[in-house]
Amino acid sequence: MLSAVRVAARRSLAANLRATSSSSSLNCPCPSSSSSPASRWSGITPSCYRQYATPSSLLMPVKTIDVPTMGDSITEGTIVDIPVAPGDYVHEDDVVLVLETDKVSIDVRAPEGGKVVEILGEVDDIVEVGSGLYRLDTDVEAPAGGAAPAAAKEEAPPTAAAPEQAVASAPTPPPPPPPTRSSVPPPAAAKQAAAAPTLPPMPAMESVTTSLGHRPERRSKMSRMRQRVSARLKESQNTAASLTTFQEVDMGNFMEMRARHKDEFQKKHGVKLGFMSVFVKAATAALQEVPAINAYIDDEAKEIVYRDYCDISVAVASPNGLVVPVLRNTEHMTFADVERTIALFGQKAHSGTLALDDMSGGTFTISNGGVFGSLMGTPIINQPQSAILGMHATKMRAVVDGKGNVVARPMMYLALTYDHRLIDGREGVTFLKSMADKITDPARLVFDI
């Protein structure tokens with residue numbers, strides 16, 4: 001069969017060549033064969049040129065869209081979602097693919113309207129920055145109505161059978177028969193039995209069978225963000241000589257001040273007054289008092305780098321994991337500035353729109369595990385920083401006041417984990433005690449003491 005196809009193709013090619021040569025001889029003033037070789041080609045100027053037709057399909061404006069730049073330190077990403085299929089029409093700014101990097105997820109959008117010709121990858125493929133991602137035909141007109149044709153979705157599988165039908169209960173084995181006693185004891189045993197008191201027979205113990213039921217397991221692939229977080233946390237444990245010190249702080253005075261002024265604060269600034277603003281301002285003041293907490297070690301140069309500005313990272317929970325956006329120059333921020341910025345970061349984290357610039361840098365980190373009810377914990381340093389503060393839940397506890405009375409006060413445990421290679425115990429404790437004093441008596445923040 002293959003030989004026959006090849007023969008037919010050769011015959012067709014030979015026929016085309018004969019037709020081309022005949023048409024060329026009619027249109028081209030070629031010399032006759034009777035003339036001499038020297039004069040046959042002299043003085044002849046070519047007056048005909050062969051033209052080749054280019055198929056229209058090769059002139060289609062099909063563009064190859066490359067993987068966009070995602071930051072200075074990001075060189076690759078993983079395809080996690082492809083909401084469109086080849087043949088679908090997409091409008092300008094529609095999401096074609098979703099890429100996940102070590103820090104954020106990025107929506108790759110269509111630069112202009114057109115039909116998706118080909119997607120150069122699949123879900124879970126790793127693509128490098130600058131490589132081709134998909135091909136878009138911009139010459140195709142939008143379908144009627146302006147709506148992109150939706151890809152056919154498979155129907156959901158039928159509902160699984162009821163658990164009682166899927167898992168059959170294990171039959172209960174019958175209880176073992178009670179032990180039998182010898183009907184005629186030997187003479188010596190009979191005398192001993194008569195002398196000893198008669199004990200009631202022990203009841204037979206029935207075997208208990210517990211049904212384990214259905215115990216399924218499931219697996220899910222780790223996202224790039226979770227892999228990066230895991231690697232960074234382990235790197236911190238392997239690098240820093242971590243040491244944690246604790247301090248308790250009385251939240252009563254700040255809570256009373258907040259209750260008196262929160263309505264006026266929200267009315268004027270348009271944002272609620274929370275706990276984070278006072279902790280950020282107290283941490284900023286303490287960082288300026290103890291500069292070693294705000295420094296870091298340059299391992300390559302074997303130097304200590306002291307920073308005279310305060311960029312405080314605030315840990316925020318997102319649907320994809322923990323993210324740490326940065327508050328820049330908190331030494332110049334007011335309480336309202338801190339609350340507004342944190343609220344904005346929270347909205348971006350839940351909508352997945354945090355940019356890499358929002359999370360880069362940072363000289364000190366505050367992690368608030370108290371929102372989840374944590375009573376006490378030891379946070380892990382966010383490398384290359386040198387310290388991290390852990391906030392915890394506020395609980396009513398019995399304490400002794402200045403007059404010697406036992407009273408119930410709202411207390412919170414603070415934990416400071418620091419790199420003992422750079423920060424001595426005296427500096428770590430001094431920093432944490434300064435923070436606790438400023439929060440216990442917020443007037444210290446006002447008077448800068």
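This note goes through the aromatic ring pairs, and one charge placed over a ring, in a predicted model.

1. A pair of aromatic rings is described by the distance of the centres and the angle of the planes. With ring centres required to lie within 6.5 Å, the count comes to 2 aromatic pairs. One of them is formed by Phe254 and Phe275, whose centres are 5.8 Å apart and whose planes stand at 65°, and because planes over 60 degrees apart count as edge-to-face, this pair is classed as edge-to-face.

2. The pair of Phe254 and Phe275 links distant parts of the chain, 21 residues apart: Phe254 belongs to helix 6 (residues 252-269), while Phe275 lies in the loop between helix 6 and helix 7 (276-289). Phe254 counts as buried, at 1% relative accessibility, whereas Phe275 is partly exposed, with a relative accessible area of 24%.

3. Phe364 and Phe431 have ring centres 5.4 Å apart and planes at 65°, so this pair is edge-to-face. The two residues again connect distant parts of the chain, with Phe364 in strand 16 (residues 364-368) and Phe431 in helix 10 (residues 425-440), 67 residues apart.

4. Is each partner of this strand-to-helix pair buried or exposed? Phe364 has a relative accessible area of 0% and is therefore buried, and Phe431 is likewise buried, with a relative accessible area of 0%.

5. Apart from the ring pairs, a charged side chain deserves a separate entry, since Arg397 lies over the face of Tyr413, at 4.1 Å from the ring centre.

Notes:
Residues are numbered from 1 along each chain as its sequence is written. This is a predicted model: local features need pLDDT of at least 70, side-chain atom pairs count only at pLDDT 80 or more; totals for chains, interfaces and linings use all residues. Side-chain values use heavy atoms; hydrogens and water are left out. Rings of Phe, Tyr and Trp (its six-membered ring) pair if their centres lie within 6.5 Å; planes under 30 degrees apart count as stacked, over 60 as edge-to-face and the rest as tilted. Helices (H or I, at least four residues) and strands (E, at least two) are DSSP runs, numbered from the N terminus. Buried means under 20% relative accessible area, exposed over 50%, partly exposed in between (1.4 Å probe, protein chains only). A charge sits over a ring if NZ of Lys or CZ of Arg is within 6 Å of the ring centre and within 35 degrees of the ring normal.
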